[in-house]
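Grab a pencil and open the viewer: here are a few short exercises, each with a worked solution.

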Amino acid sequence: MKYFTKNKFLSFNSKWQHKKAAEFLRNGFYHRENFSYYVEICHWLELELIPFEEKKHLSDRYHYHLGIAKIRLKEHNLLPAVTQLDKSSQSPYLPIDIYLDNLRSAYNIGSIIRTNEALRLGIIHLPTTIGEQQKCSIKKSAMNTFNEDLVKSPSSVTALKKPLIAVETSTHATSLYHFTFPKEFSLLFGNEEYGLSTTSLSQADQIIQIPLLG
């Protein structure tokens, strides 16, 4: 193989072997010609070959390797679900700004970016500078939907599209189900632990909340 010999590969413990097997299988998912590396690993580990055209078989085998390797599954560990109808959308984005007020989790930010791409909402604004390590985590969680042109840092909350609609739990908040959204607006989302900052809330034109039961 390109990276190591059979003897070297088999000299490592089982967790490492299956970690590398998962990496080669994932790599082959994106670049089909690289499945040949995974085929060699299957021979070395005496594993039955799987039909590479079947997404379910690929996914099940991938999680089998990750399970033995004791790798904790996160969103960016999953194989993407690609169908024959998937394609880059030409639909325009809506005139909506999404303001993330000091969110702590890179994975939450990545999830919001994915949702934003799926619904074609608009521009996501991060008030703080993203470090390279955090940016890498965000991109992994965004699963190929991270767009440099749609993730920006505004000069201030007041520079966002009006009205400013804060999403927050508050006795003064209007239920999402009783609120009529205008054609153009901005949504303000707060920190996972502390919620929106006092400054952001004071500048909001409206506060809404999503009623939850249980």
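**Exercise 1.** Which residue in β6 does Ile-96 stand opposite?

Solution. Keep in mind that this is a predicted model. Start with the strands: β1 (residues 96–100) pairs with β6 (residues 185–189) in the parallel sense, over five bridges. Now look across from Ile-96, and you land on Phe-185.

**Exercise 2.** Work out which way the side chains of β1 point, and whether they are buried or exposed.

Solution. Take one direction to begin with: Ile-96, Ile-98 and Leu-100 point that way. Asp-97 and Tyr-99 point the other way, and all of these residues are buried. With five of five residues buried, β1 is therefore largely enclosed by the rest of the structure.

**Exercise 3.** Follow the chain from β1 to β2 and give the handedness of the crossover.

Solution. First, the pairing: β1 and β2 (residues 122–125) run parallel and are joined by four bridges. One partnership to check is Tyr-99 with His-125 in β2. Between the two strands the chain passes through helix α5 (residues 106–119), and this β-α-β crossover is right-handed.

**Exercise 4.** Classify the aromatic pair formed by Phe-181 and Phe-185.

Solution. The structure has eight aromatic pairs. For this one, the ring centres lie 5.1 Å apart with 35° between the planes. Stacked needs under 30 degrees and edge-to-face over 60, so the Phe-181–Phe-185 pair is tilted. As for surroundings, Phe-185 is buried at 6% relative accessible area, whereas Phe-181 is partly exposed at 32%.

Conventions: Residues are numbered from 1 along each chain as its sequence is written. This is a predicted model: local features need pLDDT of at least 70, side-chain atom pairs count only at pLDDT 80 or more; totals for chains, interfaces and linings use all residues. Side-chain values use heavy atoms; hydrogens and water are left out. Buried means under 20% relative accessible area, exposed over 50%, partly exposed in between (1.4 Å probe, protein chains only). Two strands pair if DSSP finds at least two bridges between them. A crossover is right-handed if, with the strands pointing away from the viewer, the path from the first strand over the helix to the second runs clockwise. Rings of Phe, Tyr and Trp (its six-membered ring) pair if their centres lie within 6.5 Å; planes under 30 degrees apart count as stacked, over 60 as edge-to-face and the rest as tilted.
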